[in-house]
2 protein chains.
Amino acid sequence: MTPATRDRLVGVAMRLFALKGYGSTSVADILHEAGANSGSLYHFFPTKQDLLLAVLDRYRQGIGPMLLEPAWQGVDDPIERVFALLARYRQHLVNSECTYGCPIGSLALELHEPDPPVRELLAANFDGWVAAVERCLDDARDRLPADIDRHELAVFVLTTMEGGVMQARTHRSLDTFDASVNRLRDYFRRLQQAKDR
Amino acid sequence: MTPATRDRLVGVAMRLFALKGYGSTSVADILHEAGANSGSLYHFFPTKQDLLLAVLDRYRQGIGPMLLEPAWQGVDDPIERVFALLARYRQHLVNSECTYGCPIGSLALELHEPDPPVRELLAANFDGWVAAVERCLDDARDRLPADIDRHELAVFVLTTMEGGVMQARTHRSLDTFDASVNRLRDYFRRLQQAKDR
DNA sequence: GTCTATATACGGATAGAC
DNA sequence: GTCTATCCGTATATAGAC
């Protein structure tokens with residue numbers, strides 16, 4: 001069965017906001033691609049921004065099933081899971097010729113003064129991502145220095161992904177993304193070596 | 001003498017694009033704040049995008065005099081210069097209550113499929129920034145492992161800044177920026193320790 | 001180079017029948 | 001819940017006098 005109209009609208013909006021940005025996606029674009037009419041959309045969502053909130057909520061709920069589970073298929077080592085997650089973003093860049101990166105990061109910088117509910121959902125998406133990485137680091141705590149701040153380190157992994165994706169899109173090249181992940185990998189190696197002693 | 005109209009338009013556009021974004025800044029906003037009329041702007045710039053190109057070019061030319069020189073006042077140590085540069089972005093966040101970060105990064109993610117000249121000027125801005133950091137690292141080469149890729153490391157510094165700024169703006173808090181810079185500092189410490197042995 | 005007035009398109013959102 | 005038709009503001013850009 002084809003998804004109900006509301007879900008279809010959210011799905012199309014998710015796709016188009018990621019592809020073209022929030023401001024550059026018109027309500028008419030969404031209606032056209034979803035095969036719906038203005039009246040339907042405004043029946044479910046009072047404003048375009050409410051549709052954005054639904055999109056951000058779907059991203060947040062999808063962190064586990066849509067992002068982590070596929071990325072971690074067949075990867076059990078917690079530190080390798082961190083880098084498998086980064087590899088997934090790399091694959092998105094490859095598939096899109098370096099035009100598609102992290103939709104949350106793009107929206108976070110596109111919307112300069114977002115209304116509080118929007119900003120909070122963006123932050124909640126980052127928090128969920130960082131928390132998942134932090135659980136990996138906790139699982140690997142025996143291989144890291146005891147005094148390392150694992151929350152800071154998890155934030156730093158997200159920083160590396162977002163900063164690397166931004167530069168890759170701008171240069172239309174994977175080089176800067178790979179350089180960033182290489183340096184993060186080197187940092188992890190040195191942390192693990194410090195533990196060995 | 002008050003700046004010539006053209007320069008004033010570029011200056012106002014630079015400010016408003018950084019504050020509100022490119023798409024959310026109307027030509028009328030710029031004209032109003034610059035005290036100019038439509039005819040003047042379109043006399044100098046055929047389209048709004050040409051004005052953006054002038055803004056990006058001014059950023060690029062300003063990397064030395066407007067960014068590096070102020071950040072490096074009284075700082076001679078090349079590695080401290082890297083962190084002084086990051087501290088300058090932190091200060092921008094403080095001054096703006098975490099709303100103003102890096103205008104180049106914001107534009108890079110706001111414009112999803114920029115016309116080639118725009119994308120190239122964004123990339124040139126990143127290149128100039130990275131090259132400056134790389135020169136610092138070259139100046140400190142004796143304190144870093146001989147086999148470290150200093151270009152990758154310079155890219156990683158920009159990655160840290162951009163990723164940290166993005167999260168700080170989203171959380172309206174310096175914590176994630178500070179966490180990222182702390183981890184980068186720890187990485188540098190470990191690189192220098194590796195050299196000592 | 002600068003001014004005013006305006007063309008023209010498209011945006012989000014609404015009205016009201018079905 | 002869905003449809004068509006449309007309101008109305010604002011956007012970029014232009015025309016042509018001065």
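## An inter-chain salt bridge

Glu152(A) and Arg183(B) form a salt bridge in which the closest N and O atoms are 2.9 Å apart; the term denotes a side-chain nitrogen of Lys or Arg within 4 Å of a carboxyl oxygen of Asp or Glu. The pair crosses between chains, linking helix H8 (residues 150-171) of chain A to helix H9 (residues 175-196) of chain B. Helices here are DSSP runs (H or I, at least four residues), numbered from the N terminus. Glu152(A) is buried at 13% relative accessibility, and Arg183(B) is buried at 10%. Buried means under 20% relative accessible area, exposed over 50% and partly exposed in between (1.4 Å probe, protein chains only).

## Basis of the description

This is a predicted model, in which local features need pLDDT of at least 70 and side-chain atom pairs count only at pLDDT 80 or more, whereas totals for chains, interfaces and linings use all residues. Residues are numbered from 1 along each chain as its sequence is written, chains are lettered from A and ligands numbered from 1 in the order in which they are written, and side-chain values use heavy atoms, with hydrogens and water left out.

## Further salt bridges

Over all chains, the structure holds 24 salt bridges. One of them joins Arg189(A) to Asp186(A), with an N to O distance of 3.6 Å. Both residues lie in helix H9 (residues 175-196) of chain A, three residues apart, about one turn of the helix. Asp186(A) is buried at 7% relative accessibility, whereas Arg189(A) is partly exposed at 43%.

In chain B, Lys20(B) and Asp29(B) form a salt bridge with the closest N and O atoms 2.8 Å apart. Lys20(B) is partly exposed at 29%, as is Asp29(B) at 27%. Salt bridges that share partners also join Glu152(A), Arg183(B), Asp186(B), Arg189(B) and Arg190(B) into one network.

## Surface near DNA strand D

There are 14 residues around DNA strand D, of which Thr5(A), Asn37(A), Val27(B), Ser38(B) and Lys48(B) come nearest; a residue is near a strand if one of its heavy atoms lies within 4 Å of it. Sugar and phosphate make up 64% of the strand D atoms within 4 Å of the protein. These residues divide into three nonpolar, 10 polar and one charged. H3(A) supplies the largest share, five residues.

Phosphate oxygens of strand D lie 2.8 Å from a side-chain N or O atom of Thr5(A), 2.9 Å from a polar backbone atom of Val27(B) and 3.3 Å from a side-chain N or O atom of Tyr42(B).

## Surface near DNA strand C

DNA strand C is surrounded by 13 residues, the closest being Val27(A), Ser38(A), Lys48(A), Thr5(B) and Asn37(B). Of the strand C atoms within 4 Å of the protein, 69% belong to sugar or phosphate and the rest to bases. Phosphate oxygens of strand C lie 2.8 Å from a backbone N or O atom of Val27(A), 2.8 Å from a polar side-chain atom of Thr5(B) and 2.4 Å from a side-chain N or O atom of Asn37(B). H3 of chain A and H3 of chain B each give two or more residues to this surface, and H3(B) gives the most, with four residues.

## Nonpolar core

The largest nonpolar core has 150 residues; such a core is a set of buried Ala, Val, Leu, Ile, Met, Phe, Trp, Tyr and Cys residues joined through side-chain atoms within 4.5 Å. Ile30, Leu85 and Trp129 of chains A and B have the most contacts inside it. Leaving aside neighbours within four places in sequence, Leu85(A) is in contact (heavy atoms within 4.5 Å) with Leu67(A), Leu68(A), Ala71(A), Trp72(A), Trp129(A) and Val133(A).

Methods. A polar contact is a pair of N or O atoms within 3.5 Å; within protein, one must be able to donate a hydrogen and the other to accept it, and residues adjacent in sequence count only if both atoms are side-chain atoms. Ala, Val, Leu, Ile, Met, Phe, Trp, Tyr, Cys and Pro count as nonpolar, Asp, Glu, Lys and Arg as charged, and the others, Gly among them, as polar.
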